[in-house]
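User: Could you walk me through this assembly, taking the interfaces and then a few individual residues?

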Number of protein chains: 4
Amino acid sequence: MGIRVAVAGASGYAGGELLRLLAGHPEFELVAATAHTQAGSHVTAVHPQLAGLDLTLTATDAAALSEADLVFLALPHGQSAALAAQLPESVKVVDLGADFRLQDSALWERYYGGAHAGTWTYGLPELPGRRELIAASDRVANTGCYAATITLALAPLIASGLADPADVVVVASSGTSGAGRSAKVNLLASEIMGDLSPYKVGAHQHVPEIKQATGATSLSMTPVLAPMPRGILATVTARFAAEGNPRDVLAAAYADEPFVHVLPEGAWPHTAATAGSNSCHLQATVDVDSGRIVVVSALDNLGKGAAGQAVQCANLMSGLPETMGLSVFGVAP
Amino acid sequence: MGIRVAVAGASGYAGGELLRLLAGHPEFELVAATAHTQAGSHVTAVHPQLAGLDLTLTATDAAALSEADLVFLALPHGQSAALAAQLPESVKVVDLGADFRLQDSALWERYYGGAHAGTWTYGLPELPGRRELIAASDRVANTGCYAATITLALAPLIASGLADPADVVVVASSGTSGAGRSAKVNLLASEIMGDLSPYKVGAHQHVPEIKQATGATSLSMTPVLAPMPRGILATVTARFAAEGNPRDVLAAAYADEPFVHVLPEGAWPHTAATAGSNSCHLQATVDVDSGRIVVVSALDNLGKGAAGQAVQCANLMSGLPETMGLSVFGVAP
Amino acid sequence: MGIRVAVAGASGYAGGELLRLLAGHPEFELVAATAHTQAGSHVTAVHPQLAGLDLTLTATDAAALSEADLVFLALPHGQSAALAAQLPESVKVVDLGADFRLQDSALWERYYGGAHAGTWTYGLPELPGRRELIAASDRVANTGCYAATITLALAPLIASGLADPADVVVVASSGTSGAGRSAKVNLLASEIMGDLSPYKVGAHQHVPEIKQATGATSLSMTPVLAPMPRGILATVTARFAAEGNPRDVLAAAYADEPFVHVLPEGAWPHTAATAGSNSCHLQATVDVDSGRIVVVSALDNLGKGAAGQAVQCANLMSGLPETMGLSVFGVAP
Amino acid sequence: MGIRVAVAGASGYAGGELLRLLAGHPEFELVAATAHTQAGSHVTAVHPQLAGLDLTLTATDAAALSEADLVFLALPHGQSAALAAQLPESVKVVDLGADFRLQDSALWERYYGGAHAGTWTYGLPELPGRRELIAASDRVANTGCYAATITLALAPLIASGLADPADVVVVASSGTSGAGRSAKVNLLASEIMGDLSPYKVGAHQHVPEIKQATGATSLSMTPVLAPMPRGILATVTARFAAEGNPRDVLAAAYADEPFVHVLPEGAWPHTAATAGSNSCHLQATVDVDSGRIVVVSALDNLGKGAAGQAVQCANLMSGLPETMGLSVFGVAP
């Protein structure tokens, strides 16, 4: 018998991707999948891509979730803390929301509003020393999707002293699943197809998370919604603080990583190559005119940016091989 | 040590999907992947979604392929026969092309041109009695993508006597990967996005294959190119030949099938739910105005319509569990 | 001073397209644009593509609309009748909704529900004798988008005796703007991109309208939602009732029409070529296997399928050149 | 009789858009449209969206073009100079290529290669004093599409002293028509849909043009190909050089411009709103974390970024109203 897992918030996009990954996972046994308005629905009424999976969504209930050894929380930002508080300490938890990511309560309150619930182990295994921390934790705060994309590109460059942490400019575009499954006019297909639209310009809530994870001290980040269902492409630029080759720094940092690939020279990351996978693709160069470091990073916002990352953390927390049940390869075209 | 497999035509879309599936297959060991103009390239230069796979494409060469226990041919239509003739009998072959699908040489010559190379076991395991034939064969002709979509919808209705084989009208739309990876202006993204375009109207070369596989005697089929990378949606209509419930007939035919799902009543197949999977989704009703049977069928043209189906056949031919290395679940959204 | 026009329902997609066309029309002067929840908004807050147009949406109010010489009603189906009843007879009205299209009250009640409001002149100028009727009418019921697409393809073939009205099978795919601007999960970009999904299979409410307009007596129509913002592509097949060349029949029927183009032989309609225009593209052939007539028809559902058609009718009703303010040419790619 | 115009390079996307605009222009009379491999084709075989236009493409020939009063050159970069040299001085010319944009021959040679042909009046009418220069010129070098997007966002901020010209970072995404109509595998729909891909990272050939037009002295620009047929969205960030409100500076600069719209506060430009139009939409703010100026600019790369801009220049050069034959409003959704 495997390790019993449960998903709270199973009706959203990250929840659906979790169910897909868990249904194919050799060791995790899904014992509960809960939802709010969709409680009582067969899973295929909510996620038709899971036809063949016999599962009914139940109401979100701490007692039912407590039957599991490990619970994934895939709830809207701000809703994890209350539910997590009702789960016994013996149940491990991976929170895909933002509630427990930040160390600084003041920043939480400024960007998200409301009281800060606390700080859990930050779940990005590829940061130095971090996979051991995750493996030793019972509570892990999964990275945000933008934060994962940008941190993997930037953290080694700042850590190595190559990039100036005080001068980072990022523009990152996300597929629409990153905006969630709420029925909003601005997310209708008619509005999105053929369109690129910036949003939260000048003040995105992921900025403090990225600064915390990378050591950047000044970060301009502009997010753009792109006409594709999945994927994030981040262009990360920074001024040099010391001489060096940014691609070499990244290649050294991720040489042994199964899911982070610094591409061959001349090849640039693009989102479709990561769709459905838990991989992040990276490439770096120096801009000839400005002399800035330019790193491009691509991943699947529902994969390495959410559900895949969460399963990777759960594998570590459960003493399983870190790559179990996760695909390195994208589904393309 | 596993079963050694090779892929000829590895640089195309079906070839790339085969590589993805084989890289994750527990028993098949990929020993060669060959290509024409891309010979000598690292696989990631051709299929960037396979970053992390260390493989170089080699020239298409019968001797190299003969090292394998089983060879997949993913070549343009008309090119399989010559290569297959050079492979020893001891090597099993699954041909994803059209060369060996038809029984009637005259039809081959009319629709494809050139001499007919012969007829192999037709590789659609869900047809009655067929998976045993496939398991006993060393040479299997994989279904065409349209043929798989339409045959799964129609064959049981004709076999049961419910549908009139002399009055079948089909309109089927395909994603662009079905048109292959050739550089053609009409396949440019600028031309395709926002566009639906019919092609080969009135005379598609898959018609004789579908008639042969389903028993239809008259078939109007109009194919349409749709602005999406993957997926086929076929609307299959036929006049009733006898009373009955078409959904019941389909549900009975596929009750035990792992990859063919007759959806719950009221739910209709759509392509995105099958992306990346080896599943086919079906639903049927009776049109209130005309009284015609209407069946809608959806699958991934590169999955159940090509590479997935080929792996399913190869599993059967190799004595492996039929579902090994294949996903029932789609990658959505 | 021009002819004063007003738009009720200006916040939807058809309403927005009406505003765009009217803003560039040489003779129509827009005096009011009304909306429901968006009343009070500047037009660019609702339709950002109209930046540069200084207009505020007002509440839907019969008195305000009555200031106009001609009112366009672009309201949800079933809401036109009540408002139309409050407009004085001296105000001309073009209704883009379904309320006044059908002659048969029983069919209205079966397909739409509720009481039938009445029957207005059907607004498809290219039907024989119809543009004179429209020009003489003060109340015109604009065609539905599917009905326009299919009727233009089919009506001449039935009228000429070539096509059997008792055996018509249609599959038609529409872009998402045809589904309106309501916030619904199934219309989210994440659900639609990469996806084809059939809907209302077996019983679409446009069937009686199409039968009435074409003379078809049995019509199987399956609508499909396609991943593009605009456009309808209809594949219309029918059995021959008499010998003849279907393309010749269509070419003769539309020889003098400015907006209906039977394409050169070998060229097939596709939706992108009609985007933003008031044109309909047609082509026909005979299916070699079944011997059925196959006609493909493409138009912009918001253009010739809605707002363009409405302006064309309004031009006729106002004694203006029929083509005024309308584009024959599509915006492509 | 109108002003006679001709288009060389009529088979490409910019050429097709020019034909569309010229076909609807009240004063320009199209007397020749030339092409290379497509010479002899009816225009609708090349641009099906122009069904209804009776025009045959002819071979590119200086003598034929010299019949016109004004010639538009829509040729690949580097091919305009040779043809322009064969046109008599009495024929006005608007070049949509890059050949005559740069003042600095060394930069031309570095970024484009080959000998520099010369410098023509730069065709961006909204730059201070420039529309008068254009009106007085017989030879005008139309802006590049990226350059138009970025220059409109940046030039007033540098000119006013608000933005530091030595610290500009831009990421700009373009629809695929910007990459032209050549048959290339990387531009196939299968590769593009669902994908964002950066290209020419670190060294784009438009950088010197943008620096020349804006006064920027250091410019990091990363271009990204986006899955949409038309549109450019540029995120332009710069460090403050002096205190001030960047939106106010832009609003003042473009207060009287018919085609450049600084959006209401809180509204951000998005590409779909500009499709098919000659408009550019702008908005600006200050990034709260980094304190950088952030401007977002959107336009249609074939409209204000190419053909629309060219017609605007041609209107000026011909003494016509600058807005003639051009639409302020986009075709959306």
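User: How many residues does the contact take from chain A and from chain D?

Analyst: Happy to help; first, this is a predicted model, so to speak of local features pLDDT must be at least 70 and side-chain atom pairs count only at pLDDT 80 or more, while totals for chains, interfaces and linings use all residues. Residues are numbered from 1 along each chain as its sequence is written, chains are lettered from A and ligands numbered from 1 in the order in which they are written, and side-chain values use heavy atoms, with hydrogens and water left out. Contact means heavy atoms within 4.5 Å. On that basis, the contact takes 46 residues from chain A and 46 residues from chain D.

User: Which three residues of chain A supply more of the area buried against chain D than any other three?

Analyst: Buried area is the accessible area (1.4 Å probe) that two parts lose on being put together, summed over both. Chain A and chain D bury about 3400 Å² between them, with 61% of it on carbon and sulfur atoms. On the side of chain A, 17% of the buried area comes from A:Leu196, A:Val201 and A:Asp289.

User: How many salt bridges does the rule find across the interface of chain A and chain D?

Analyst: The rule asks for a side-chain nitrogen of Lys or Arg within 4 Å of a carboxyl oxygen of Asp or Glu. D:Arg239 and A:Asp167 meet it, with N to O at 3.3 Å. Across the interface of chain A and chain D, the count is six salt bridges.

User: Which element gives the most to the side of chain A that touches chain D?

Analyst: Helices (H or I, at least four residues) and strands (E, at least two) are DSSP runs, numbered from the N terminus. Elements that give two or more residues to this side include β8 (163-174), α9 (207-214) and β13 (280-286) of chain A. The most, five residues, comes from β10(A).

User: What is the area buried between chain A and chain C?

Analyst: Here 18 residues of chain A are in contact with 18 residues of chain C. In chain A, A:Leu188, A:Ser190 and A:Met193 lose the most area to chain C, together 37% of what that side buries. Carbon and sulfur atoms give 62% of the total, which is about 1500 Å².

User: How far apart are the closest N and O atoms in the salt bridge of C:Glu191 with A:Arg181?

Analyst: Between chain A and chain C the count is two salt bridges. In the one that C:Glu191 forms with A:Arg181, the closest N and O atoms are 3.0 Å apart.

User: Why do the buried residues of helix α10 of chain B lie on the same side?

Analyst: Buried means under 20% relative accessible area, exposed over 50%, partly exposed in between (1.4 Å probe, protein chains only). In α10(B) (residues 246-253), B:Pro246, B:Arg247, B:Val249 and B:Leu250 are buried. They lie on the same side of α10(B) because, taking the directions from the helix axis to the C-beta atoms, they cover an arc of only 160°.

User: What covers the buried residues of α10(B)?

Analyst: At the start of α10(B), a side-chain oxygen of B:Asn245 comes to within 2.8 Å of the backbone nitrogen of B:Arg247. The cover of the buried residues includes α7 (145-159), β11 (232-240), β12 (260-262), β13 (280-286) and β14 (293-299) of chain B.

User: Is C:Asn301 buried or exposed?

Analyst: C:Asn301 sits in the loop between β14 (293-299) and α11 (303-317) of chain C. Its side chain has a polar contact of 3.0 Å with that of C:Ser177; such a contact is a pair of N or O atoms within 3.5 Å, where within protein one must be able to donate a hydrogen and the other to accept it, and residues adjacent in sequence count only if both atoms are side-chain atoms. A polar atom of the C:Asn301 side chain also lies 2.7 Å from the backbone nitrogen of C:Gly231. At 3% relative accessibility, C:Asn301 counts as buried.

User: Which side chain is joined to that of B:Glu126 by a polar contact of 2.8 Å?

Analyst: B:Glu126 is found in the loop between β6 (121-123) and α6 (130-135) of chain B, and is buried with a relative accessible area of 6%. One polar contact, at 3.0 Å, is with the side chain of B:Gln312. The contact of 2.8 Å is with the side chain of B:Lys304.
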